[in-house]
Amino acid sequence: RNYNLSFIHIFAWPNHFITQKKSTKIPNMVVEMEVNNGENTTNNWVPIMKKLHMNVIGEKMKIFPKLTCRTIWRVGKEDPRRVIHSLKVGISLTLVSLLYLMDPLFKGFGSNAIWAVMTVVVVLEFTAGATLCKGLNRGLGTLLAGSLAFLIEYVATKTGHVFRAIFIGAALFFIGATATYMRFIPYIKKNYDYGVVIFLLTFNLITVSSYRVDNVLKIAHERFYTIAIGCGICLLMSLLIFPNWSGEDLHNFTAAKFEGLAKSIEACVNEYFSDDEQQKAKENSSDLEDPIYNGYKTVLDSKSFDETLALYASWEPRHSRHCYRFPWQQYVKLGNVLRHFGYTIVALHGCLQTEIQTPRSVRAMFKDPCIRLSGEVAKALKELGDSIRYRRHCSPEILSDHLHEALQDLNKAIKSQPKLFIGSKNNTNKLTLATVVSKGQSGALNSRRVSLSSVKTDTSALLDWKSKLRGGSSTTHENLKLRPTLSKIAITSLEFSEALPFAAFASLLVEIVARLDLVIEEVEELGRIAHFKEYNDDE
């Protein structure tokens, strides 16, 4: 504007400063300051903004203790084993600290007792398999490094002082390069990467320090004993006191995947056929999490988690009742099959969020067979999950006749409405209606009116209208405003565009049934290898 502003309004946006759900909102602050012509007002409003920021920090400090307590309680409530593991770590650290605190033990080990504390901090993990993997890697790496370092030292002492330094430098180069290259081997990187790192660290410490420090053999012995004590305490706590088995976690996690997929399918189909009131109620409840997404998200993100648990489970001893060695890699294969099954559910979920939707009146014609079909698929998935959880073979009637009946009913319902999928001549007036609406929205084109005298076909009318628009002298901004309308007209001009979204939805639902056979075969293979018990109708 050509005249100077009289007031400056500074607004504080309350919802953007504090992101917690139940935080105290800051009321809107309006500060009006008179501005003289040409004068600098920075010194007037900067203190007020600083005061506003201080109020925000004060509100955050008030809610910080409450949020911290809630987070601590929620983490322990989700998995009570976390509390037990924390207590086990505290007890282990107290035990190894006695090597430093008690005089008789400190005189025996000296300052090397600190290595026992470091070992407990590094080695003790949540599951027994992870602790075994790290503990054995650390012990084996330390033993091999110490033995090789003593061999290098024995050979080096037979030479002169100069040749000894050259020999130690050459040995460090050769051993370091060889061990580092071995870490790139897939099998060693997967199982013994931590052990190779400990080997390199221990070998270099002993070999280099032996050149300047006398009696390095005694120091190495004490260090090895303290590391062995730390590893022993970690193994004792992990294997004998409330052990957490990686194999059991992988087993239960695999069974829970089936329940999540079953809930996703049922929720997705029910939402697709819900009425307008239920849809609006769900959109308003933005604080609630999406059950469809949460159901398949765990399955899609489980690849690395499955492989890690399977690796740690392979280190664990046989602790089951029959002492069978469980095929943990078969669980990884089953996870891959479930991920491909989950991709179809993701595509099914995408049908709920497309720009073009089938009218609810048309969906209602196919509601009953689709809901029955999704219910039978969810029932089969839950049965597969129970068979894995209880280590038994699945029911022979897992694919019941109700599933095939629902498929046949869906097929009959689609065949009974051929006009929806073949198209009708009533759709030829849609382009004319869209053209009138677009004219009403583009008020900037009053000087140049575009009319459609007659519409022979939707496609020809669309091309004719676009050619007239291109022939005129309109600005770039006006063309950009019309592009969304043109794209919608181009899509809705298809004669059977109303039925296409449902056709995609129905085809994905049938694809889920087809992929269910692959999941059943993989579960049966797992039961055969893992020696699951036979299915019993009484159970």
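Reader: At roughly what angle do the axes of helix 5 and helix 10 cross?
Author: This is a predicted model, where local features need pLDDT of at least 70 and side-chain atom pairs 80 or more, while totals for chains, interfaces and linings use all residues. Residues are numbered from 1 along each chain as its sequence is written, and side-chain values use heavy atoms, without hydrogens or water. Helix 5 covers residues 114-123 and helix 10 residues 216-240 (helices are DSSP runs of H or I, at least four residues; strands are E, at least two; both are numbered from the N terminus). Their axes (lines fitted to C-alpha atoms over the stretch in contact, with angles from 0 to 180 degrees between N-to-C directions) come within 8 Å and cross at roughly 40 degrees.

Reader: Which residues of helix 10 make the contact with helix 5?
Author: Contact means heavy atoms within 4.5 Å. Helix 5 brings Trp115, Ala116, Thr119, Val120 and Val123. Facing these from helix 10 are Arg223, Thr226, Ile227, Gly230, Cys231 and Cys234.

Reader: How far apart are the end C-alpha atoms of residues 194-212?
Author: That stretch is 100% helix and 0% strand. From end to end, its C-alpha atoms are separated by 28 Å.

Reader: How many disulfides does the structure hold?
Author: A disulfide here is a pair of cysteine sulfur atoms within 2.5 Å. Take cysteine 351: the closest cysteine sulfur, in cysteine 268, is 7.4 Å away, so the two are too far apart for a bond. The number of disulfides in the structure is zero.
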